[in-house]
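I opened this model to look up its sheets, the helices on them, one buried strand residue and the ligand shell. My notes follow in the order I took them.

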Amino acid sequence: MASLESAKKLAAYKAVDLHVQNNSIVGVGSGSTVVYAVERLAERVKNEKLNVQCVPTSFQARQLIIQHRLHLTDLEIHPRLDVCIDGADEVDSTLTLIKGGGGCLLQEKIVASCAKELIIIADYTKNSQKLGEQYKKGIPIEVVPMAYLPIKTQIENQLGGTVELRMAKAKAGPVVTDNGNFILDWKNFQDYKWDTINTKLNLIPGVVETGLFVNMAKKAYFGLADGSVKEQI
Ligand SMILES: O=C[C@H](O)[C@H](O)[C@H](O)COP(=O)(O)O
């Protein structure tokens, strides 16, 4: 297995081993690292006969839960979760996150906000001092389709940087999220006070949610190239 993949797996397995117990209600994040977390969760449920209920944060997460024959639930049945385990595109020194590189951020933020703890799993390339240091694809912002252009203009004029409508790869036109919205990627931004910027962005009419997760993550596990796992709180 390539070192990046084994780093993801190490972080995911450690988080599931340390943060899931019998009777846990677990939020299942999205992305390539979470695949390993679900794999480990399924293994533990089978071997240890655990009773675990899983709340998905995306269509992909829902499919993973079903494929691994885990118990699928939702926020209507379980509005309070014990833990949410999710990946991230970048994590800074204060545990502020960029999420949404894979187009999933709205449901992730909702589910994480219902969990007692949000635990982040990632490989070593996601571990930064400041946002934008390593992740160059920008901060994802989910927007109502009809408003994408005025939102883009407003962000560029008021905050600087460049904002791009994310285009699909195997479809003509833009990426459409699980919620039927578009994604804007805000690039070349400066080093901001992210709490303030997140609030500012959320106040623009048509912005549904941002991929900035501020004061949400409790802990991050980074799989390293040498086979160890770094913990950040
Ligand atoms: O939109 C995707 C989610 O926010 C993912 O959690 C994030 O992009 C990290 O994904 P990966 O584990 O594939 O790097």
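Before the first helix I fix one term: I call a residue buried if 20 or more other C-beta atoms lie within 10 Å of its own, and exposed if 12 or fewer do. I also keep in mind that this is a predicted model.

**Entry: helix H3**

I looked up which residues of H3 are buried, and found Gln60, Ala61, Leu64 and Ile65. Seen down the helix axis, these buried residues fall within an arc of 135 degrees, so they line one face of H3. I then checked the face turned away from that buried side. It carries the exposed residues Gln63, Ile66 and Gln67. What do the buried residues of H3 pack against? I noted E1, H2, E2 and E3. Just after the helix comes Arg69, with a positive phi near 55 degrees.

**Entry: the seven-stranded sheet**

I traced an open sheet of seven strands with mixed pairing, in the order E3-E2-E1-E4-E7-E13-E14. Strand E3 (71-72) and strand E14 (229-232) are its edge strands, and each pairs on one side only. I went through some of the pairs. Strand E1 (residues 25-28) and strand E4 (residues 83-86) run parallel, with three bridges. Gly27 has Cys84 of E4 as its bridge partner.

Two helices pack on this sheet. Helix H2 (residues 32-48) touches E1, E4 and strand E7 (118-123), and its direction makes about 115 degrees with that of E7. Helix H3 (residues 59-67) touches E1, strand E2 (53-56) and E3, and its direction makes about 155 degrees with that of E2.

**Entry: strand E7**

I asked how many residues of E7 are buried. The count is six of six, so E7 is largely enclosed by the rest of the structure. Both of its faces are covered. Leu118, Ile120 and Ala122 are buried on one side, and Ile119, Ile121 and Asp123 on the other.

I followed the strand to its partners. E4 and E7 run parallel and are joined by three bridges. Ile85 is matched with Ile119 of E7 there. E7 also pairs in the parallel sense with strand E13 (residues 217-223), over six bridges. Ile119 turns up again in that pairing, with Lys219 of E13 as its bridge partner.

**Entry: the three-stranded sheet**

I found an open sheet of three strands, ordered E5-E6-E12, with antiparallel pairing. Strand E5 (90-91) and E12 stand at the edges with a single partner strand each, so one side of each has no neighbour in the sheet. E5 and strand E6 (residues 97-98) are antiparallel and joined by two bridges. Glu90 stands opposite Ile98 in E6.

**Entry: strand E10 and Ile183**

I picked Ile183, which is found in strand E10 (residues 182-187). Is Ile183 buried or exposed? I count 26 other C-beta atoms within 10 Å of Ile183, so the residue is buried. Leaving out residues up to four places away in sequence, Ile183 touches Gly100, Gly103, Pro140, Ile141, Glu142, Arg166, Val175 and Thr177. I also took its distance to Leu50. The two are 133 residues apart in sequence and 38 Å apart in space, C-alpha to C-alpha.

I listed pairings of E10. Strand E8 (residues 139-143) is antiparallel to E10, with five bridges joining them. Val143 stands opposite Phe182 in E10. Strand E9 (residues 162-165) pairs with E10 in the antiparallel sense over four bridges. Val163 has Trp186 of E10 as its bridge partner.

**Entry: helix H6**

In helix H6 (residues 194-202), I found Trp194, Asn198 and Leu201 buried. These residues cover an arc of only 65 degrees around the axis, which puts them on the same side of H6. I noted what covers the buried residues of H6: among them are E8, strand E11 (207-210) and strand E12 (212-213).

**Entry: the ligand shell**

Last, I looked up the surroundings of the ligand. Which of the 17 residues around the ligand come nearest? They are Gly31, Ser32, Thr33, Gly87 and Gly102. By class, I logged the shell as three nonpolar, ten polar and four charged residues.

Note on methods. Residues are numbered from 1 along each chain as its sequence is written. This is a predicted model: local features need pLDDT of at least 70, side-chain atom pairs count only at pLDDT 80 or more; totals for chains, interfaces and linings use all residues. Two residues are in contact if their C-beta atoms, placed from the backbone, lie within 7 Å. A residue is near a molecule or strand if its C-beta atom, placed from the backbone, lies within 6 Å of it. Ala, Val, Leu, Ile, Met, Phe, Trp, Tyr, Cys and Pro count as nonpolar, Asp, Glu, Lys and Arg as charged, and the others, Gly among them, as polar. Two strands pair if DSSP finds at least two bridges between them. Axes are lines fitted to C-alpha atoms, for helices over the stretch in contact, and angles run from 0 to 180 degrees between N-to-C directions. The arc is that of the directions from the helix axis to the C-beta atoms.
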